Amino acid sequence: MKNSVKSEKITMAIAIAISCFALVLIMFMQFKIVNQTDITAIENMRETELRTELANWKAKYEETELKYQEVATKIEEYKQTKQSNEETEEVVNKELRQVNMTLGKTDVEGEGIQVTLREKENEELGKIKSENLLVIVNSLKQAGAEAISINEERIINMSDIVTINNNFNGFIKVNGQRILPPYVIKAIGNQTYIESALLGNGGYVDELKKLGYDVSIEKINRLKIPKYNDEIKTKYME
C-alpha cells in the first residue's frame, strides 16, 4: 500500500516536473518567438516600410526632377523661339521700313538740296513745263538722290509729271495733282554730288539759268520729304 502511494507520488512528481518543464519550454519558446518575431519582425517591418517609403520618395523626386527638366527645356526652347521670333520680326520690320522708304510710303528726312523754279513773264522763255521738271528729277536720280518731291508730292517710279494744255492756261500735274509755281523740288542725298550734277558742266539747272530762268539751289541739312499718299497700283504685274 505504502509502495503504491509512494509510486503514485513519484509518478505525480514526475508528471508535474514534466509539465513544469514543458511549461517552461513553451514559455521560453514564446519569449524567443516574441524576441525574434514580435520585436525583430516589427523592426524589420518598419525598416521595410522606411525603405519602401524612401523608394517611393526617390521615385517621386526622380519623376519631379524629370518634369522639372522637361519644363526647363520647354522654357529654354520658348525663350530661344521668342528671341528668334523677335530677331526675325526685327529683321522683317527693318526690311519693311526699308521697302516702304524705297517705295516712298514713309515720310523721310535727311541732308539734301532744294531747287526752286519761279516763272517769269517772258514770252520768249515761255512757261516752265513738265519736261523741265522731268529733266531735273532724272538728274537728281542719277546723282544718287534717295528721295525726291515736287511741291510736296513724293516722286516714285510710277509718278506722272505731265503738262495739261500747252497754251497760256496750261498747268502741270504731278501724281494726278495740279501744282502751281513756284515749283519746289526737294531731294535727299549727298549735297555735293547733287549740286555738282545740277550746276556743274552740262548741268541742267546751269543751262536753265543761262537761258534766263529763275532757278535757285539751297543746301538744307534736315530736309523733310512727305510720303507718297496715293495707292500704288499695277495693271500687268501679279
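This passage walks through a strand and its partners, the salt bridges, and two of the helices in a predicted model.

A good place to start is strand β1, which covers residues 108-118. Most of this strand is tucked away, with 8 of its 11 residues buried. On one side of the pairing story is strand β8 (residues 214-225), which is antiparallel to β1 and joined to it by 10 bridges. To pick out one rung of that ladder, Thr-116 has Ser-216 of β8 as its bridge partner. Strand β7 (residues 183-188) also pairs with β1, again in the antiparallel sense, this time over 6 bridges. Here Gly-112 can serve as the example, since its bridge partner in β7 is Ile-188. A handy rule for looking at such strands is that, in a regular strand, side chains alternate between the two faces of the sheet.

Next come the charged side chains. Side chains of opposite charge can pair when their charged atoms come close. The model contains 4 salt bridges, and three of them are described here. One of them brings together Glu-109 and Arg-222, with 2.6 Å from N to O. Glu-109 belongs to strand β1 and Arg-222 to strand β8, so this salt bridge ties together parts of the chain that lie 113 residues apart in sequence. In terms of cover, Glu-109 is partly exposed, at 42% relative accessible area, while Arg-222 has 54% and counts as exposed. The cut-off for exposed is over 50%, which is why Arg-222 falls into that class.

Strand β8 turns up again in the salt bridge between Lys-219 and Glu-195, where the closest N and O atoms are 3.3 Å apart. Lys-219 sits in β8 and Glu-195 in helix α3 (residues 191-199), so here a helix and a strand are tied together across 24 residues of sequence. Both ends are partly exposed: Glu-195 has a relative accessible area of 25%, and Lys-219 has 42%.

The salt bridge between Lys-210 and Asp-206, at 3.4 Å from N to O, sits within a single helix. Both residues belong to helix α4 (residues 204-211) and are 4 residues apart, about one turn of the helix. That spacing fits a general rule: an α-helix has 3.6 residues a turn, so residues three or four places apart point the same way. Lys-210 itself is exposed, with 68% relative accessibility.

Helix α2 (residues 130-142) offers a simple check on geometry. With 13 residues at 1.5 Å a residue, it should span 18 Å, and its end C-alpha atoms are indeed 18 Å apart, so the two values agree. Its buried residues are Ser-130, Asn-132, Leu-133, Ile-136, Val-137, Ser-139 and Leu-140. After the helix comes Gly-144, which has a positive phi near 95°.

The last stop is Leu-198, a residue of helix α3. Its relative accessibility is 0%, so Leu-198 counts as buried. Which residues surround it? Setting aside neighbours within four places in sequence, Leu-198 is in contact with several others, among them Ile-136, Ser-139 and Leu-140, which are buried residues of α2. The contacts of Leu-198 also include Ile-113, Val-115 and Ile-217, along with Tyr-204, Val-205 and Asp-206. As for Ile-136, its C-alpha is 7.6 Å from that of Leu-198, although the two residues are 62 places apart in sequence.

Conventions: Residues are numbered from 1 along each chain as its sequence is written. This is a predicted model: local features need pLDDT of at least 70, side-chain atom pairs count only at pLDDT 80 or more; totals for chains, interfaces and linings use all residues. Side-chain values use heavy atoms; hydrogens and water are left out. Buried means under 20% relative accessible area, exposed over 50%, partly exposed in between (1.4 Å probe, protein chains only). Helices (H or I, at least four residues) and strands (E, at least two) are DSSP runs, numbered from the N terminus. Two strands pair if DSSP finds at least two bridges between them. A salt bridge is a side-chain nitrogen of Lys or Arg within 4 Å of a carboxyl oxygen of Asp or Glu. The expected span of a helix is 1.5 Å times one less than its number of residues. Contact means heavy atoms within 4.5 Å.
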